Amino acid sequence: MTANIRLGDDAPDFTAETTEGKINFYDYLGDGWGVLFSHPKDYTPVCTTELGTVAKLKGEFTKRNAKVIGLSVDPIDSHNGWVKDINETQHTTVNFPIIADPDRTVADLYGMIHPNADDTLTVRSVFIVGPDKKVKLTLTYPASTGRNFQEILRVIDSLQLTAGYKVSTPADWKEGEDVIIVPAVSDEEAKERFPKGFKTLKPYLRITPQPNK
Ligand code: BEZ
């Protein structure tokens, strides 16, 4: 039975074989943030570029106190051989664990197999998990389209900011840009909470500089 994981759900815990040995997901995340992402198949072109990209961004995830972990239904020997190709062709060193899930235990826990797209391979899923182990983002891409991992970093920035301040981030927002005061905050409260001031475009649309900058 495959799960349908929704925002706010507890991220299912698991213990699995990975390229860095046996890992318990919750232990691996510790008190920080997590990014669990699946790819369809080892030794395939788009996946090769994706895993190389994530390896190069490891420092950016670490800066955000976030750990990444990949997954496909290929066995560990396949992962270990393929990592060499990723390192060679993407000019990097894979520096995060990749789960080998040939019996689909984790793929089913997270609903990463979408049978009407492909009944055996995982799609390109991403789950961002907060320090409270709740799911904060889910994203699903088809096999034909490599993901934009800068977008995953951007979402982590937004999630971390909005967890600490009564703000939301607008379309295409990037770290350092103006943010939106949540409508539940009155103008009076906003004056106290946002001493840099705010612009009222509409009563429900008030813009303020990013408060922690
Ligand atoms: C790819 O990574 O290029 C790929 C993987 C599975 C199916 C189609 C494409």
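Strand β9, residues 179-181, is joined to strand β11, residues 205-208, by two bridges. The two run antiparallel. Where do they face each other? Val179 stands opposite Thr208 in β11. Keep in mind that this is a predicted model.

Now β11 and its other pairing. β10 and β11 pair through three bridges, again in the antiparallel sense. Lys202 stands opposite Leu205 in β11. The connection is a hairpin, with two residues between β10 and β11.

Put those pieces together. The sheet is open and has four strands, in the order β8-β9-β11-β10. Its pairing is antiparallel. Which strands stand at the edges? They are β8, residues 167-168, and β10, residues 199-202. Each has a single partner strand, so one side of each has no neighbour in the sheet. As background, strands of a sheet pair through backbone hydrogen bonds, either parallel or antiparallel.

Step back to the whole chain. It has 213 residues, and 45% of them count as buried. Seven helices and 11 strands make up its secondary structure. Along the principal axes, the C-alpha atoms fill a box of roughly 60 × 40 × 30 Å. Now take the contacts with a separation of 6 or more. Of these, 65% are between residues 24 or more positions apart.

Next, helix α4. It covers residues 76-90, which is 15 residues. From first C-alpha to last, α4 reaches 20 Å. That is close to the 21 Å expected at 1.5 Å a residue. Which residues of α4 are buried? Ser78, His79, Gly81, Trp82, Val83, Ile86 and Gln90. What do they pack against? The partners are α2, residues 45-56, along with β4 and β5, the last being residues 98-100.

Right after α4 comes His91. Its phi is positive, near 55°, and His91 is not glycine. His91 sits in the loop between α4 and β5. Buried or exposed? His91 is exposed, because its relative accessible area is 70%.

There is a second case. Asn65 also has a positive phi, near 60°, in a residue other than glycine. Asn65 is placed in the loop between α3 and β4. Its relative accessibility is 49%, so Asn65 counts as partly exposed. For context, most residues other than glycine have a negative phi.

On to the largest pocket. How much space lies in it? About 150 Å³. Its lining has 14 residues. Nearest the centre are Lys58, Thr62, Ala66, Lys67 and Val68. Three elements each supply at least two lining residues: α1, residues 25-29; α3, residues 58-63; and β4, residues 66-72. So what is the chemistry of the lining? Seven nonpolar, four polar and three charged residues. In general terms, rolling a probe the size of a water molecule over the atoms shows where empty space is left.

One residue to finish: Ser125. It lies in strand β6, residues 124-129. Ser125 has 2% relative accessibility, so it counts as buried; the cut-off for that is under 20%. What does Ser125 touch, leaving out residues up to four places away in sequence? Leu36, Phe37, Ser38, Met112, Leu139 and Arg147.

Key: Residues are numbered from 1 along each chain as its sequence is written. This is a predicted model: local features need pLDDT of at least 70, side-chain atom pairs count only at pLDDT 80 or more; totals for chains, interfaces and linings use all residues. Side-chain values use heavy atoms; hydrogens and water are left out. On a 1 Å grid over the protein atoms alone, a cavity is a set of points where a 1.4 Å probe fits but cannot get out, and a pocket is an open set with protein on both sides within 12 Å along at least five of seven lines; lining residues have an atom within 4 Å of a point. Grid points are joined across faces, edges and corners, and a volume is the space filled by probe spheres set on the points. Ala, Val, Leu, Ile, Met, Phe, Trp, Tyr, Cys and Pro count as nonpolar, Asp, Glu, Lys and Arg as charged, and the others, Gly among them, as polar. The expected span of a helix is 1.5 Å times one less than its number of residues. Buried means under 20% relative accessible area, exposed over 50%, partly exposed in between (1.4 Å probe, protein chains only). Contact means heavy atoms within 4.5 Å. Two strands pair if DSSP finds at least two bridges between them.
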